[in-house]
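Work through the exercises below with the coordinates open. Try each task before reading its solution.

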Amino acid sequence: MAGEGAVAASTRGKKGQNLFEGVGAGEGAVAASARREKGLRRFRRKESSLRQFRFCIVAREEARVGYANVDVCFLAFSRRKKTVLSSAYLLWVITYACVDSGFFYVIDHGIDQELMQEVFRQSQKFFDLPLHEKMKLLRNKKYRGYEPFMNQTSDPGNQISGCSQFDAFSCDYKEAYYIGIEVPEDDLKAEKPFYGPNLWPTTDILPRWKEIMEQYHKEALRVTRAVARIIALALNLDVGFFDKPEMLDEPIASLRLLHYGGKVSCPEKGIFGAGAHSDYGLITLLATDDVMGLQICKDKDARPQVWEYVAPVSGGFIVNLGDMLERWSNGIFRSTIHRVVLDGRERYSIAYFVEPSHDCLIECLPTCKSEANPPKFPPVTSAAYILQKYKETFADVSMYSKHQP
Ligand SMILES: O=C(O)CCC(=O)C(=O)O
């Protein structure tokens with residue numbers, strides 16, 4: 001069809017439905033949301049046929065247990081690998097999730113459940129240490145190490161203006177630990193802003209900590225690459241598109257252990273475990289404990305905003321798309337805003353953020369533009385984009401220097 005992007009053409013199903021029709025083509029938020037709703041109704045009618053893909057997609061009803069009512073699909077790695085990659089229907093479902101909410105679950109991903117549980121246990125052990133021990137590993141300028149409570153303000157506009165006077169809780173009520181890809185200090189690559197050596201707790205305090213985290217980092221990158229291949233197909237790209245050296249071959253990938261304190265959030269006052277934000281990169285793999293807290297807002301321009309819980313998925317990942325994928329896809333795939341609302345219980349989660357290499361230029365994909373739908377975002381390098389976002393949301397850790405030994 002003249003003027004239509006290749007992705008749009010590829011998603012035209014037998015009955016002529018086109019997931020991308022109108023999406024991001026300059027129509028208003030209300031019209032876009034109505035179209036998504038219409039697509040969703042069509043999708044629900046097809047739900048029963050999901051059962052034949054039980055190796056790939058597990059019943060969506062599970063997402064409705066408890067408080068959750070977000071339309072997300074479960075993607076599980078097939079034991080019959082061919083089914084995953086050759087199934088047009090699977091691609092349709094994934095494409096739908098990427099266009100509709102930018103969130104889906106991945107289960108049966110092949111990471112040993114014992115390893116995942118161990119990462120949670122070790123994370124808790126670290127956060128249980130006395131503050132002076134944690135401060136010895138204070139986050140450095142390469143964003144590695146410990147980030148104390150209230151160091152980040154994910155949504156500076158709302159969190160700060162929501163409070164009538166300065167309130168320490170106007171920052172995210174969480175502490176974190178960052179582990180990047182290990183690059184020795186004397187390696188030329190360590191000159192790049194997000195490469196360098198990691199900081200590690202000493203083995204007398206936390207034996208095996210480094211080994212466990214490194215193992216998980218490696219495994220999570222494997223899962224990311226597999227998911228990125230399916231996303232590449234959903235974008236009508238070559239399956240290995242994101243495997244290129246400047247993308248996932250040498251990514252910026254950050255494992256972030258998160259601990260939310262036992263406070264009650266108050267959205268009206270701008271008090272959150274983590275304020276509303278979208279992730280910056282390609283995708284994020286999120287593992288959480290069973291404490292509810294993550295909410296997403298599919299239409300950030302709607303007033304009032306509608307926030308829906310995303311239920312934890314035991315042993316699996318909540319996967320969400322980041323801003324770079326939204327920019328690459330010209331706004332067709334969504335980097336949805338999300339936040340963490342605490343109910344007074346402590347909460348632990350493990351986020352794995354993946355961005356392409358520092359110099360990778362993020363610019364509209366040929367499959368996502370047309371005369372009628374020209375590029376909406378100017379090209380930007382991966383490092384420049386992340387640096388800008390970090391500058392907007394992180395406090396300067398040098399203010400803690402007096403606490404350091
Ligand atoms: O802990 C969570 O559930 C969400 C974490 C998150 O959104 C983030 O760190 O960007």
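Three exercises follow, all on a predicted model.

**Exercise 1. Place strand β5 in its sheet**

Find which strands pair with β5, and in what direction they run.

Solution.
- Step 1. Locate β5 at residues 252-260.
- Step 2. Check one partner, β4 (residues 174-179): six bridges join β4 to β5, and the two run antiparallel. Use I179 to fix the register; its bridge partner in β5 is L255.
- Step 3. Check β12 (residues 347-355): nine bridges join β5 to β12, again antiparallel. Here L257 has I350 of β12 as its bridge partner.
- Step 4. Test burial with the cut-off of 20 or more other C-beta atoms within 10 Å. Eight of the nine residues of β5 are buried, so the strand is mostly covered.

**Exercise 2. Find the centre of contacts in the core**

Which residues have the most contacts inside the largest nonpolar core?

Solution.
- Step 1. Take the largest nonpolar core, which has 84 residues.
- Step 2. Rank by contacts inside the core: I283, I318, V319 and Y352 have the most.
- Step 3. Ask which helix gives the most to this core: α8 (residues 209-234), with 11 residues.
- Step 4. List the contacts of I283, leaving out residues up to four places away in sequence. Among them are T224, V227, A228, V319, L325 and V354.

**Exercise 3. Check the length of α8**

What span should the 26 residues of α8 have at 1.5 Å a residue?

Solution.
- Step 1. The expected span is 38 Å.
- Step 2. The end C-alpha atoms of α8 are 37 Å apart, which agrees.
- Step 3. Look past the helix: N236 follows α8, with a positive phi near 60°.

Note on methods. Residues numbered from 1 in each chain as written. Predicted model: local features only at pLDDT ≥ 70, side-chain atom pairs only at ≥ 80, totals over all residues. Buried ≥ 20, exposed ≤ 12 C-beta atoms within 10 Å, placed from the backbone. Helix = DSSP H or I, 4+ residues; strand = E, 2+ residues; numbered from the N terminus. Pairing = 2+ DSSP bridges. Core = buried A, V, L, I, M, F, W, Y, C linked by C-beta atoms within 7 Å. Contact = placed C-beta atoms within 7 Å. Expected span 1.5 Å × (residues − 1).
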